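Good morning, everyone, and thank you for making time for this short talk. Please have the sequence and the 3D view open while I speak, so that you can follow along.

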Amino acid sequence: MQVSVSQVVAILGGKKFLQVGVDNTLDFIRAAEKGFSISVAQRVQQRLDLSNKQFSRLLNLSESTFQRRIKNKTALSSEESEKVIELSTIIAKGLEVFEDEEALKFWLNTPILALGNRKPVEILNSSLGREEVMDILFRIEHGLYS
């Protein structure tokens, strides 16, 4: 994991929301295998300031499926839970880099030259996109042009 586990756990809502203790990456794997509650996903959605339509796209769900899960309080699948962990990791790294949540949200919604003038949020629905956004955050952190 490229940021501390405790930072990611805090973004996910802590033990209260995860309903399990997470002290390392292996604990995240076990927690994701069980599937997070939809409330964990909603916390990340709020941190990113995304609509249901935007966030459901990041999870590769239809908006109606996402809304139905909220209504029925259905747990996420293990794959969806992993995506939520990866998105939380991006938030944690972004907060380290920008030191401000509003600055991070602005950056995520601004076309970036390194992404072919696409907004970072536009590519967070794929594992390659999430990895690329994380790489760009590391480059910014180390003073490399992105």
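**A walk through the model**

Let me begin with a single residue: leaving aside residues up to four places away in sequence, L87 touches V44, F55, L58, L124 and R130. I should say straight away that what you see is a predicted model. L87 sits in helix α7, and with a relative accessible area of 2% it is buried, because buried here means under 20%. If you want a distance to check on your screen, the C-alpha atoms of L87 and S51 are 15 Å apart in space, while the two residues are 36 places apart in sequence.

Now let us step back to the whole chain. How many helices and how many strands does the protein have? The secondary structure comes to 9 helices and 0 strands, and the radius of gyration is 15 Å, close to the 15 Å that the globule rule gives for 146 residues, so the protein is as compact as a globular protein of that length. Taken along the principal axes, the C-alpha atoms fill a box of roughly 45 × 35 × 25 Å.

Of the 146 residues, 42% count as buried, and about 7700 Å² of the protein is exposed, with carbon and sulfur atoms supplying 49% of that area. When we take the contacts between residues at least 6 apart in sequence, 57% of them join residues that are at least 24 apart.

Next, the charges. The protein has 19 positive and 19 negative charges, and the mean positions of these two groups are 8 Å apart. Side chains of opposite charge can pair when their charged atoms come close. In this model the count comes to 9 salt bridges, and I would like to go through a few of them with you.

Which residue forms a salt bridge with R30? The partner is D27, and the closest N and O atoms of the two are 2.8 Å apart. Both belong to helix α3, which covers residues 25–34, and because they are 3 residues apart there, they are separated by about one helical turn. Their surroundings can be described as well: R30 is partly exposed, with a relative accessible area of 45%, whereas D27, at 13%, counts as buried.

A second salt bridge joins the side chains of E80 and R69, at 2.3 Å from N to O. Here E80 lies in helix α7, residues 78–98, and R69 lies in helix α6, so the pair ties together parts that are 11 residues apart in sequence. Are these two residues buried or exposed? E80 is buried, and R69 is buried as well, the latter with a relative accessible area of 18%. Helix α6 itself runs over residues 63–72, and R69, not counting residues up to four places away in sequence, touches I38, L61, T74, A75, L76, S77 and E80, so please look for E80, the salt-bridge partner, in that list.

The third example is R118 with E122, whose side chains meet in a salt bridge at 3.7 Å, N to O. R118 is partly exposed, with a relative accessible area of 40%, and E122, at 31%, is also counted as partly exposed. Elsewhere, salt bridges that share partners join K93, E96 and E141 into one network.

Let me add one more charged residue, K105, which has its place in helix α8, residues 101–108. K105 is buried, with a relative accessible area of 15%, and, again not counting residues up to four places away in sequence, it touches Q46, R47, L48 and D49.

Finally, a word about the backbone. Most residues other than glycine have a negative phi. With that in mind, consider N60, which has a positive phi of about 60° although it is not a glycine. N60 is found in the loop between α5, residues 52–58, and α6, and it is partly exposed, with a relative accessible area of 46%. E99 likewise has a positive phi, near 60°, in a residue other than glycine. Where does E99 lie? E99 is in the loop between α7 and α8, and with a relative accessible area of 70% it is exposed, because exposed means over 50%.

That is where I will stop, and I am happy to take your questions.

Definitions and conventions:
Residues are numbered from 1 along each chain as its sequence is written. This is a predicted model: local features need pLDDT of at least 70, side-chain atom pairs count only at pLDDT 80 or more; totals for chains, interfaces and linings use all residues. Side-chain values use heavy atoms; hydrogens and water are left out. Helices (H or I, at least four residues) and strands (E, at least two) are DSSP runs, numbered from the N terminus. Buried means under 20% relative accessible area, exposed over 50%, partly exposed in between (1.4 Å probe, protein chains only). Contact means heavy atoms within 4.5 Å. The radius of gyration is taken over C-alpha atoms; the globule rule is 2.2 Å times the number of residues to the power 0.38. Accessible areas come from the Shrake-Rupley method with a 1.4 Å probe; for residues, only the protein chains shown count as cover. Lys and Arg count as positive and Asp and Glu as negative; His and the chain ends are not counted. The place of a charge is taken as NZ of Lys, CZ of Arg, CG of Asp or CD of Glu. A salt bridge is a side-chain nitrogen of Lys or Arg within 4 Å of a carboxyl oxygen of Asp or Glu.
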